[in-house]
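Student: I have a structure to look at, and I want to learn how its empty spaces and its ligand site are described. Can you take me through the terms?

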Amino acid sequence: MHIVITGANRGIGKTMSDQYRMAGHTVTGTARDGSAQVTLDVTDPAQHAAMAEQLQGQPVDLLVCNAGVYLDKGHDIGGYPAGIWAQSFATNVTGVFLTIQSLLPNLRAARGKIVIISSQMASDNHAPGGSYIYRASKAAALNLGRNLATDLRQDGIAVGIYHPGWVQTDMGGSVADITAEEAATGLLERFEALSLDTTGCFETWDGQPHAY
Ligand SMILES: NC(=O)c1ccc[n+]([C@@H]2O[C@H](COP(=O)([O-])OP(=O)(O)OC[C@H]3O[C@@H](n4cnc5c(N)ncnc54)[C@H](OP(=O)(O)O)[C@@H]3O)[C@@H](O)[C@H]2O)c1
């Protein structure tokens, strides 16, 4: 398979890339620091256009929209400035949409799949308060995935949305529940199982349906 993974330079994205390569797949990683096959800041439309040109004519079997930020971690009720809202939505929502839009010809050519790494914090049923920006952005990414699943069914493209677990990365912190290896192993199994029969699903890394 040819797999494209955004945010492939560290964390869960890097670990998924490593596991796919170990299994013999071709991975095109993207990173904004120039350390991967494609240089992509997911908030930058010009870099999306350059990626589309670089990958033109290369069918993509699986697109993993993984790049994300959690910029309001630990903020209190007084501390949610507009700039952080804008930057978070540009990355976690617009960035996901632009990535999918840029690679749609490649995905159509392969009748590929799209997976979006959202979060349990996207769920309306899980509302302990706080982290308003991150929660809202991940909820929007979930909504985006659910609606794309409807529209892309006619192209034979399945779309799944996933909670990767609470993972020991720079974002999750060292006391998180699971390692990036455990998260990636579970997610790769979920992506394999995704089909037009399950398109629009919202699932956890270990295979449980997630409440919306
Ligand atoms: N860790 C958890 O517990 C957890 C839980 C739920 C959901 N998630 C989600 O899982 C995904 C991966 O998280 P992680 O834990 O691996 O986080 P991480 O270690 O902080 O890595 C985040 C990745 O996203 C990239 N990124 C951020 N902004 C970007 C931009 N504008 N353009 C391109 N790449 C960008 C980062 O690149 P740079 O190195 O350039 O910053 C990095 O590669 C995220 O979507 C996150 O929201 C994580």
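**Spaces and the ligand**

Tutor: Start inside: the largest cavity holds about 40 Å³ of space. Keep in mind that this is a predicted model.

Student: What makes this space a cavity, and not a pocket?

Tutor: In a cavity, a 1.4 Å probe fits but cannot get out, whereas a pocket is an open set of points. The search of the whole structure finds one cavity of 30 Å³ or more.

Student: Why are Thr6 and Val42 said to line the largest cavity?

Tutor: A lining residue has an atom within 4 Å of a grid point. Thr6 and Val42 are on the list, so each has such an atom. Cys65, Asn66, Ala67, Thr91, Gly95, Val96 and Thr99 also line the largest cavity.

Student: Which helix gives the most to that lining?

Tutor: Helix H3, residues 82-110, with four residues.

Student: What is the make-up of the cavity lining by class?

Tutor: Four residues are nonpolar, five are polar and none is charged. Gly95 lines the cavity, and Gly counts as polar.

Student: Now the largest pocket. How much space lies in it?

Tutor: About 880 Å³. The pocket is lined by 37 residues, and Asn66, Gly68, Val69, Thr169 and Met171 are the closest to its centre. H1, strand S2 (26-31) and H4 each give two or more residues to the lining. H1 gives the most, with three.

Student: What classes make up the pocket lining?

Tutor: It has 14 nonpolar, 16 polar and seven charged residues.

Student: Where does the ligand sit, and what makes you say "sits"?

Tutor: The ligand sits in the largest pocket. The word requires more than half of its atoms to lie within 2 Å of the pocket's grid points, so the ligand passes that test.

Student: Which residues come nearest to the ligand?

Tutor: Asn9, Arg10, Arg32, Tyr134 and Thr169, out of 28 residues around the ligand. That shell divides into eleven nonpolar, twelve polar and five charged residues. Helix H1 (11-22) and helix H4 (132-152) each supply at least two of its residues.

Student: Why does Ile12 count as making a polar contact with the ligand?

Tutor: The cut-off is 3.5 Å between N or O atoms. A backbone N or O atom of Ile12 is 2.8 Å from a ligand oxygen, so the pair qualifies. Gly7 has a backbone N or O atom 3.3 Å from an oxygen of the ligand, so that pair qualifies too.

Student: How much of the ligand does the protein cover?

Tutor: It covers 94% of the 900 Å² of accessible area that the ligand has on its own.

Notes:
Residues are numbered from 1 along each chain as its sequence is written. This is a predicted model: local features need pLDDT of at least 70, side-chain atom pairs count only at pLDDT 80 or more; totals for chains, interfaces and linings use all residues. Side-chain values use heavy atoms; hydrogens and water are left out. A residue is near a molecule or strand if one of its heavy atoms lies within 4 Å of it. A polar contact is a pair of N or O atoms within 3.5 Å; within protein, one must be able to donate a hydrogen and the other to accept it, and residues adjacent in sequence count only if both atoms are side-chain atoms. Accessible areas come from the Shrake-Rupley method with a 1.4 Å probe; for residues, only the protein chains shown count as cover. On a 1 Å grid over the protein atoms alone, a cavity is a set of points where a 1.4 Å probe fits but cannot get out, and a pocket is an open set with protein on both sides within 12 Å along at least five of seven lines; lining residues have an atom within 4 Å of a point. Grid points are joined across faces, edges and corners, and a volume is the space filled by probe spheres set on the points.
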